[in-house]
Amino acid sequence: MIKKIGFALAGTIILASTATAGVITHTVVQNEYLNAGVLGLRGPDSHGYQHDLTDNFFTLGSALSGSLKINVYDDNNDWGWFFGWFQFSEGGLVTVGDFDFDTGGLTSGTSDFSSALEINALAALNADGILDVTVTSTRGDFWVGNSVLEVITSDVPEPGTLALLGLGLVGLGAARRRQKA
């Protein structure tokens with residue numbers, strides 16, 4: 001009987017120790033107009049925001065990988081009417097966390113930004129569950145739309161599950177002691 005209980009306990013421990021991945025998707029809904037300024041008369045616009053996963057049952061330290069997608073679209077004003085044949089190209093700088101090009105990069109004002117989360121962005125996300133993003137217009141003007149962060153996490157056992165497993169082990173130890181006495 002004790003051997004059967006031991007095998008059942010060993011099977012439970014093996015099943016409890018297997019890691020499965022979960023996916024958390026967080027969307028920041030926004031519609032921000034950014035402009036680089038005209039001929040240096042005005043500085044470039046920036047828009048900063050955060051993806052906060054702490055309200056999505058995110059466990060700190062569990063992010064394995066992820067991706068960030070930002071909808072960027074043109075305002076359909078190309079300044080061609082003012083400068084004749086010369087057309088401005090529009091674009092921006094996406095900064096994730098610190099300015100280190102770890103995950104961020106340059107984007108065209110007419111195409112979406114998409115990037116996998118690199119080591120520094122994952123470290124920042126695992127530290128506090130928050131990912132800071134800033135989009136700055138470097139050329140022309142454009143709109144910044146929704147930002148979608150998708151994070152693949154490792155499932156971490158809940159404290160209640162671990163406590164129940166520990167209580168079961170204590171009970172088995174007590175039962176074995178009684179049997180020997």
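The buried residues of helix 3 (buried meaning under 20% relative accessible area, exposed over 50%, and partly exposed in between, with a 1.4 Å probe and protein chains only) have a cover that includes strand 4, strand 5, strand 8 and strand 9, where contact means heavy atoms within 4.5 Å. This is a predicted model, in which local features need pLDDT of at least 70 and side-chain atom pairs count only at pLDDT 80 or more, while totals for chains, interfaces and linings use all residues. Residues are numbered from 1 along each chain as its sequence is written, and side-chain values use heavy atoms, with hydrogens and water left out.

**Helix 3**

- The buried residues of helix 3 are Ala 121, Leu 122, Leu 125 and Asn 126; seen down the helix axis, they fall within an arc of 130°, so they line one face of the helix, the arc being that of the directions from the axis to the C-beta atoms.
- An α-helix has 3.6 residues a turn, so residues three or four places apart point the same way.
- On the other side of helix 3, Ile 119 and Ala 127 are exposed, and just after the helix Gly 129 takes a positive phi of about 80°.

**Nonpolar core**

- The largest nonpolar core (a set of buried Ala, Val, Leu, Ile, Met, Phe, Trp, Tyr and Cys residues joined through side-chain atoms within 4.5 Å) has 24 residues, and those with the most contacts inside it are Leu 68, Ile 70, Leu 117, Leu 125, Val 135 and Val 151.
- Two or more residues of this core come from each of strand 1 (21–28), strand 4 (63–74), strand 5 (91–96), helix 3 (119–128), strand 8 (130–139) and strand 9 (141–154).
- Leaving aside residues up to four places away in sequence, Leu 68 touches His 51, Val 96, Phe 113, Ser 114, Ser 115, Leu 117, Val 133, Ser 147, Val 148 and Leu 149.

**Surface**

- Ile 152 lies in strand 9 and is partly exposed, with a relative accessible area of 31%.
- The accessible surface of the chain comes to about 11200 Å², of which 61% belongs to carbon and sulfur atoms, as computed by the Shrake-Rupley method with a 1.4 Å probe.

**Whole chain**

- The chain has four helices and nine strands, where helices (H or I, at least four residues) and strands (E, at least two) are DSSP runs numbered from the N terminus.
- Buried residues make up 32% of the 181 residues in the chain.
- Among contacts between residues at least 6 apart in sequence, 77% join residues at least 24 apart.
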